[in-house]
Amino acid sequence: MKMPGSNAMIFVGVSFSMFLILMTRTSNCVASGNSKIIRSLNVSQTTNKNQTIILTRTGSDNRKNTHSSDHASTSLVNKSTTAKTTVQSTRAPKTTTTASFHTEDLNESIDKHVERRVWDKRVQNEPLELECPPLGLESLRVKDRDLRASSYQRRGLGPHRGRLNIQSGIEDGDIYDGAWCARFKDQKQWLELDARRPTLFTGVILQGRNSIWSWDWVETYKVQLSNDSLAWKPIMNGTVEAVFEGNQDAETPVLGLFPEPSVARHLRINPQTWYENGTVCLRAEVLGCVLPEPKNVYTWEAEKGSKDDLDFKHHNYKEMRKLMKAVNEECPDITRIYSIGKSHMGLKLYVMEISDNPGKHELGEPEFRYVAGMHGNEVLGRELVLNLMQHLCSEYKRGDQRIVQLVKETRIHLLPSMNPDGYEMAYRKGSELSGWALGRYSYEGIDMNHNFADLNSVMWDAMERETDKTKLINHYFPIPEFYLSEEAFVASETRAVINWMKSIPFVLSANLHGGELVVTYPFDMTRDWAPHEHTPTPDDSFFRWLATVYASTNQVMSNPDRRTCHHDDFLRHNNIINGANWHTVPGSMNDFSYLHTNCFEVTVELSCDKFPHASELPIEWENNKESLLVYMEQVHRGIKGLVMDKDSKAGIANAIIKVDDIDHHIRSAAGGDYWRLLNPGEYEVTASAEGYYPVTRSCRVEYHHYPTLCDFHLAKTLKQRLLDILAKGGKLPKSVKQRLHQLRLRRLRSSTQAINRRRARERRARAFRR
């Protein structure tokens, strides 16, 4: 998910304020009477099973507010990825396949040095296994109507905002604040959940208020249960009422497990003490197992999630390798696994290729890619891509005609984890305890969503400087030299993906994120560094179509009754938005892909919850399955064809394909084949190449699920024919030599006449002045 930034001064202020908070951890909290407070227990320690304990576990220590930290990282990356480069030549750099990606053997073990670095045996590498899953405050399965409170300061701090990891807007005081905050500062305040059915409650996860202006969190709390919301019974710790440890900062999730699981319908969180300079504010998730109702068979069946037999769980790096290996062994004829590079810690960036002829680019067959896990803690995309591998394999074997056609006519590349280092950090904490930002960045602290070369500035600077617009290029913008240097602040993962983009002629792609429900399309960066402003590409209408295709087929996005995730209401935009109109993102992969390659790419924010619990994965697969498939099918929309030499019939590489009235060209691949994504309509298309006469023809795109064929046969220019003859050591025919001599004489006479006319004008001017 993209996170809106704030100014640098706010970032400094936030960091300094947090430093003061850390230096003053003790607070003059309200006394808790005779209740017994159970302190934190390291989950790696062994305990006596007969001893009654309250287990508290903290997640990531995310003390820097995400709004400010994102802006700071953006500023740092901009210094290394932005360059004042003038682009004035009509010739864009030639594109050639610079790398081949060899098939990976996943039977080979992971390098021992890498294993020691990534999985330290001295720390816990597996998340805590919870007896019951979260009920869904964060994922919005719990509806607003099921949350009540004793009081609240205003609507923006109402009980419906008391959800784990909910994010506030930039301005405090609106209706989208970052927590439930009680109106009064006393021990009589509570936040209540109605589970709607008998539930086995096992614990609570607490978080403070998300805000760049206020510091509020609850430090200790009690929990009460009820079956009718009238008579309440407290959770006990032996013979006394249990008091659970809460938060010591606003962002780190803290888990409080009950000594004994209890069955009830209603649960109340009752704050006892809070940060001394703040007020009673919290965000929460409740753990519980909803008990089945034997008489309600239909509800019980509906809760199973998906009928597809897929591996619905979270896969760490080792488990991801096993799953990809299993898919490859099940469908060896249509799959291949290769690596495009390594992460900073040495983990390979594996890609699953799915095609009827894996390992080769077939002439006329478009290349498609899904990229997930750019932010390591936004894990749903990773699991959906792994599920998609399994689904394509099984349905192809079953003979599903839609899948068979897709595999035979498309070369599909699936990268499930672009940031495996960040994922492993988030995975160790688990779905509910990793917080909002742990694992987002690379191991080096780089936000890869801002780490690609800023070609937007290169393009716009050239447009401002050049008066002759015909000299400007509009595609294949060169990467600034500084960005390619070793000193540039560019992640190894980013470099690997750029090399991948340049090596394969991708046509269409999607970048899978999490934390919101929206599809964004280029440009992602505003032209004048405004915080947000609609900044369309020349292909804006087609990008809007691509975004609409995914959003309209997604079961959650297309639900008109869904509530907003955090503070942006994308329903009024039909769940699509121009990326720059949301907030500016310099150095995004979408913009780089459009300006440096032929590939069109959008960003899909898949869910409100960045790290949904494993129990929610089947539902999320059903929400996104059709969207994933129908989006891939869009790679066949528009026109395609071959650009060939008229005489030899050989394909012409790097031929420029120009569509009238669309100021963005593309280029043919090494074999002369090209793909131009277009909406239905009539287009005048021109193909040109160095040494050839351009050819223009009319191409009509219909409302079909397959592209219009538009081939071009280019004839060599006379000059190119002569150069070819001379390059082969041949001699020019006598007739050609005579014609060249005549052309030279004609040019000489023309230039002489022009000189004489200029001199005559000068003489008349001198005579007139006398």
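**Strand pairing and a positive surface patch**

Strand E12, which spans residues 335–342, is mostly covered, with six of its eight residues buried. The structure is a predicted model, and the features below are described on that basis. E12 runs antiparallel to strand E13 (residues 348–354), and six bridges join the two strands. Within this pairing, Ile337 has Met352 of E13 as its bridge partner. The two strands, E12 and E13, form a hairpin in which five residues lie between them. The turn includes Gly346, whose phi is positive at about 100°.

A further set of strands lies later in the chain. Here an open sheet is formed by four strands in the order E22-E21-E24-E25, with antiparallel pairing. Strand E22 (666–667) and strand E25 (695–701) are the edge strands, each pairing on one side only. Two bridges connect E22 with strand E21 (residues 656–659), again in the antiparallel sense. In this pair, Ile657 stands opposite Ile666 of E22. In a regular strand, side chains alternate between the two faces of the sheet.

The surface also carries a patch of charge. Arg757, Arg759, Arg761, Arg763, Arg764, Arg766, Arg769 and Arg770 form a positive surface patch. One of these residues, Arg764, is located in helix H17, which covers residues 734–769. Arg764 counts as exposed because its relative accessibility is 53%, and the cut-off for an exposed residue is over 50%.

Conventions. Residues numbered from 1 in each chain as written. Predicted model: local features only at pLDDT ≥ 70, side-chain atom pairs only at ≥ 80, totals over all residues. Heavy atoms only, no water. Buried < 20%, exposed > 50% of the residue type's maximum accessible area, 1.4 Å probe, protein only. Pairing = 2+ DSSP bridges. Patch = residues over 30% accessible without salt bridge, like charges linked within 9 Å, V, L, I, M, F, W, Y side chains within 5 Å. Areas by Shrake-Rupley, 256 points an atom, 1.4 Å probe, with all protein chains shown as cover. Salt bridge = Lys/Arg side-chain N within 4 Å of Asp/Glu carboxyl O. Lys, Arg positive; Asp, Glu negative; His and termini not counted. Charge placed at Lys NZ, Arg CZ, Asp CG, Glu CD.
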